[in-house]
Amino acid sequence: MDSSQPAIPRQETESGIIERLLPRDLRGRFLAVLFGVLLPSLSLFGVLHYDSVKRSLLKEVDQTLVNRAREVEQILSDSGVHTVHHFQDFKMVDSALMVTSAPEVYVDIIDNRGYSLWASQNLVGKSIPLTKGSLGGEAVLETLVQPDGLRLRRYTKPLVLRDNTRIFLVLAEALTHLETALQGSIGRTIILGIVILTLTEILGTLAFRGIFIPLRNLVDTAETIASTDDVTRRVPISVDADKEITRTALAFNALMDRVEHLLEIAKQLLADTSHELRNPLTVLMTDLDLLREELTKEQKDEVISEAQSTVRRLNRLVSDLLLLSRTEAQSEAISLEEVDVTRLVERLADRFSRSLGDDGEIVFDASKSSPNAIALLNRERTEQILTNLFENGVRYSEKSEVKVRVLEEGRNLVISVKDEGCGITPDEQKRVFDRFYRVDRSRNRHSGGTGLGLSVARALARLMGGDIKLVSELGKGSDFRVQFPKVEEA
Ligand code: ADP
């Protein structure tokens, strides 16, 4: 089979044609389907109804003609008309035949040569047309169309008199009343059709109001948002709306809530970033201004080292922001390897403690740590997370002593970094992982942190399949618990 051929091209083409024929809007489609089903059905009903009315009316006419023929035959027999000549003699035949139950029927009695022997009074000056072969041995019912368009139903019945001569009873009735009745029936059918279509349209529109109106609201709202950038707009939820449409509107509103929230975050981030950058830039500017002045060597060194530390802070701020945006965009490539977490933590705690000198201590609690805790991690990034937590632990505690342990909890390894510092209130615990969030903004800006440490740490932990949880009590201290799925030993 040719693999380039689509599997069901025929169906696609057919549905494509139908698709092109249907109107593009929902209401138009609904009406097209409605009329597409109703019109042929009503037309078929109209044709069948017309045919049945026509048949029954014609049957009625035929019955009248046959009955009248029988009546004439009976009168002739009762009046003693047994030969052709009796028609001239019997004046009473005339009067007997005049009494008729069907005055609209034309009656012509003709001999076998076609000459009229007797004709009803309504035929004065006229005659019932005879066609070739109508004077046969059988009674015949036929419909004739006159040159003036008048339609006649004719009944021809042969009759053998006692003297063996054959005469014909020719009876006819104009079909004018039948046609009038049929026209009336067509008119009624058309009116009925229009009433049915209009009612169906009105009822259908009412029934589908729960789709059309809410859907229009949804589209209007979406268009207004797109044209005005007003992301606070929401779709009104209508009580009449269909379940599916309500769900769509609710989903749209939820999506817009999310968009609004994300835009708010982006706006906040921009404002926070500018704010955070302004402070070190002002410091740098002041330092540069100072360097223009006459300064002693010590003063100059002091200004330069302040400028250097400010640049370092700026550098860290920018790299933290970049790292965060890359982790959020999931474009930060990270390689993982099996790491002996206990050893890594122990070594880092030792190294960090030494770098702190008298400013603090990171105490690794080997006795309470799992001896063989293996996880799939990136060493460098794990050390970056822990360094952040160690720095905070030392920075936010009076005692400047931080305890670190590696625990096994179910399928996870937990690195607990615990201090006995100021602690964090439950409300703030939820926010300390937010970018630039500081518990006491003015105090902590001077502590040298960027306000990004915890958000970077958590983003990195999550990038490696882990997370960071916080257990803290105000005035008693905090326990930052970094968890990773542990690698089970084979
Ligand atoms: P910063 O660079 O300001 O330290 P972080 O993201 O690391 O930013 O921390 C956010 C805020 O959380 C800090 O400003 C501080 O108020 C609070 N915080 C972080 N660690 C601790 C801790 N160990 N004890 C008390 N508060 C802390």
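Is Val456 buried or exposed, and at what relative accessibility? The points below take up this residue and several helix and strand features of the model, which is a predicted one.

1. Val456 counts as buried, because its relative accessibility is 2%, and the cut-off for that class is under 20%. The residue belongs to helix H13, which spans residues 453–463. Beyond the residues up to four places away in sequence, Val456 touches Asp320, Leu323, Leu324 and Gln384.

2. The surroundings of Val456 can be read together with the packing of two helices. Helix H8 (residues 297–328) and H13 pack with their axes 10 Å apart, at an angle of about 35°. The crossing in which H8 passes H13 is left-handed. On the H8 side the contact is made by Asp320, Leu323, Leu324 and Thr327, and on the H13 side by Ser455, Val456, Ala459, Leu460 and Leu463. Sorted by class, the residues of this contact are six nonpolar, two polar and one charged.

3. Helix H8 also packs against helix H7 (residues 243–292): their axes come within 9 Å and cross at roughly 160°. H7 is therefore roughly antiparallel to H8, since angles over 145 degrees fall in that class. H7 passes H8 in a left-handed crossing. Residues of H7 in this contact include Leu269, Thr273, Leu277, Leu284 and Leu291, while those of H8 include Val303, Ile304, Ala307, Leu314 and Leu321. The contact of H7 with H8 comprises 15 nonpolar, three polar and five charged residues. Among the charged residues named in it are Glu276 and Asp287 in H7, and Lys300, Glu306 and Arg313 in H8.

4. A further helix pair is formed by H2 (residues 26–78) and H5 (residues 176–207), whose axes come within 9 Å and cross at roughly 160°. H2 and H5 are therefore roughly antiparallel to each other. The crossing of H2 past H5 is right-handed. Their contact divides into 20 nonpolar, nine polar and three charged residues.

5. Which residue does the side chain of Asp479 meet in a polar contact? The partner is the side chain of Ser416, at 2.9 Å. Asp479 lies in strand S12, residues 477–485, and counts as buried because its relative accessibility is 7%. With neighbours within four places in sequence left aside, Asp479 is in contact with Ser416, Val417 and Lys418, and also with Lys469, Leu470 and Val471.

6. Arg405 is placed in strand S9, residues 401–409. With a relative accessible area of 19%, Arg405 is buried, because the class covers values under 20%. Outside its neighbours within four places in sequence, Arg405 is in contact with Asp365, Lys368 and Ser369, as well as with Val414, Ile415, Ser416 and Lys418. Ser416 and Lys418 appear in the contacts of Arg405 and also in those of Asp479.

7. Two separations give a sense of the extent of the model. The C-alpha atoms of Val456 and Pro158 are separated by 115 Å, the two residues being 298 apart along the chain. For Arg405 and Gly28, which are 377 residues apart along the chain, the separation of the C-alpha atoms is 70 Å.

Methods:
Residues numbered from 1 in each chain as written. Predicted model: local features only at pLDDT ≥ 70, side-chain atom pairs only at ≥ 80, totals over all residues. Heavy atoms only, no water. Axes fitted to C-alpha atoms, helices over the stretch in contact; angles between N-to-C directions. Helix = DSSP H or I, 4+ residues; strand = E, 2+ residues; numbered from the N terminus. Parallel < 35°, antiparallel > 145°, perpendicular 65-115°, else oblique. Left-handed = near helix turned anticlockwise from the far one by under 90°. Nonpolar A, V, L, I, M, F, W, Y, C, P; charged D, E, K, R; others polar. Buried < 20%, exposed > 50% of the residue type's maximum accessible area, 1.4 Å probe, protein only. Contact = heavy atoms within 4.5 Å. Polar contact = N/O pair within 3.5 Å; in protein donor to acceptor, adjacent residues only side chain to side chain.
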